[in-house]
Amino acid sequence: MADETAEQTVQILQQEATQLARQQEVDRVLKLSALDPFSILQIPQTSTPTEIKAAYRAKSRLIHPDKTAHPQARQAFERLKAAESDLMDDEKRHRILAMIEEARRELQSEWKQQEQNDQQHRSADEVEKLVMARYRKIMVDLEWRRRQRVKQEMAREGEAGRREEEMAATKRRKQEKEKAWEESRDERVSSWRSFQNKSKGKSKSAKNKKTTYKPKQ
């Protein structure tokens with residue numbers, strides 16, 4: 001009986017430890033930038049597609065919304081999936097690696113201009129953190145510029161659309177006016193004929209009066 005109770009206690013502790021690990025992993029993923037898929041998956045930048053897939057599967061089992069009660073598990077899982085998707089796409093992975101190298105070159109250039117090799121006074125981990133911080137800054141700047149371009153293009157398209165709408169409205173009003181004018185043509189002709197007939201009647205009446213006039217004897 002005592003052994004059974006001890007075994008149950010161990011199982012409960014293991015479950016609690018597992019749940020704690022799941023919640024900690026969710027928090028870890030959410031603290032990381034979506035621009036850094038290697039850190040999200042905790043794999044080196046030299047990882048192969050097979051290693052990327054294996055890391056994703058291991059972590060997805062850990063933070064899947066069905067496996068943990070963490071209220072933000074779904075957001076963490078979606079970020080994990082996005083990281084795997086980016087790195088499994090050859091073009092995106094190469095672009096990310098190229099931007100990381102660009103960040104590294106920028107830092108090395110800055111250190112060189114300062115006439116001191118700061119890199120020598122830092123550990124490899126510290127240098128890598130600085131490189132990734134610069135990489136994220138570059139990516140944020142690029143994204144901001146992209147959004148600005150999109151906004152400007154939308155503004156231009158909106159202005160062009162507004163002008164097209166104004167031209168269409170002007171054309172529509174002109175067509176409606178011409179249609180109304182055409183539809184009232186018979187009425188105008190009828191009114192003119194009526195006016196002409198009345199004028200002729202008055203002229204004839206006046207003429208008859210003139211011809212029947214007899215001067216007094």
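**Helix packing and pockets**

Helices H5 and H6 pack at an angle of about 115°, and their axes lie 8 Å apart. The model is a predicted one. Angles of 65 to 115 degrees count as roughly perpendicular, and H5 and H6 are therefore placed in that class, roughly perpendicular to each other. Their crossing is right-handed. On the H5 side, the contact involves Ile96, Met99, Ile100, Glu102, Ala103, Arg104, Glu106, Leu107, Glu110 and Trp111. These residues meet Val127, Glu128, Leu130, Val131, Met132, Arg134, Tyr135, Ile138, Met139 and Leu142 in H6. By class, the contact of H5 with H6 comprises 14 nonpolar and six charged residues, with no polar ones.

H5, which spans residues 90-113, also packs against helix H4, residues 73-88. The axes of H4 and H5 come within 5 Å and cross at roughly 95°. H4 and H5 are therefore also roughly perpendicular to each other. Asp86, Leu87 and Met88 of H4 make this contact with Asp90, Lys92, Arg93 and Ile96 of H5. The contact of H4 with H5 has three nonpolar and four charged residues, and no polar residue. Ile96 of H5 thus appears both in the contact with H4 and in the contact with H6.

A further helix pair is formed by H3, residues 49-63, and H4, which pack at an angle of about 175° with their axes 10 Å apart. This angle makes H3 roughly antiparallel to H4, the class for angles over 145 degrees. H3 contributes Pro49, Ile52, Lys53, Tyr56, Lys59, Ser60 and Ile63 to the contact. H4 contributes Ala73, Ala76, Phe77, Leu80, Lys81, Glu84, Leu87 and Met88. The residues of the contact of H3 with H4 divide into 10 nonpolar, one polar and four charged. Leu87 and Met88 of H4 take part in the contact with H3 and also in the contact with H5.

Pockets were examined next. The largest pocket has a volume of about 270 Å³. It is lined by 13 residues, of which Asp36, Ser39, Glu128, Lys129 and Met132 are the closest to its centre. Two or more lining residues come from each of helix H2 (37-41) and helix H6 (124-183). H6 gives the largest share of this lining, five residues. The lining of the largest pocket consists of four nonpolar, three polar and six charged residues. Glu128 and Met132, among the residues closest to the centre of this pocket, are also part of the contact of H6 with H5.

The second largest pocket has a volume of about 210 Å³. Its lining is made up of Ala34, Leu35, Pro37, Asp86, Lys92, Arg95, Ile96, Tyr135 and Met139. H5 and H6 each supply at least two of these residues, and the largest share, three residues, comes from H5. The lining of the second largest pocket has six nonpolar and three charged residues, and no polar residue. Several of its residues recur in the helix contacts described above. Ile96, Tyr135 and Met139, which line the pocket, belong to the contact of H5 with H6. Asp86 and Lys92, also in the lining, belong to the contact of H4 with H5.

How values were computed: Residues are numbered from 1 along each chain as its sequence is written. This is a predicted model: local features need pLDDT of at least 70, side-chain atom pairs count only at pLDDT 80 or more; totals for chains, interfaces and linings use all residues. Side-chain values use heavy atoms; hydrogens and water are left out. On a 1 Å grid over the protein atoms alone, a cavity is a set of points where a 1.4 Å probe fits but cannot get out, and a pocket is an open set with protein on both sides within 12 Å along at least five of seven lines; lining residues have an atom within 4 Å of a point. Grid points are joined across faces, edges and corners, and a volume is the space filled by probe spheres set on the points. Helices (H or I, at least four residues) and strands (E, at least two) are DSSP runs, numbered from the N terminus. Ala, Val, Leu, Ile, Met, Phe, Trp, Tyr, Cys and Pro count as nonpolar, Asp, Glu, Lys and Arg as charged, and the others, Gly among them, as polar. Axes are lines fitted to C-alpha atoms, for helices over the stretch in contact, and angles run from 0 to 180 degrees between N-to-C directions. Angles under 35 degrees count as roughly parallel, over 145 as roughly antiparallel, 65 to 115 as roughly perpendicular and the rest as oblique. A crossing is left-handed if the near helix is turned anticlockwise from the far one by less than a right angle, and right-handed if clockwise. Contact means heavy atoms within 4.5 Å.
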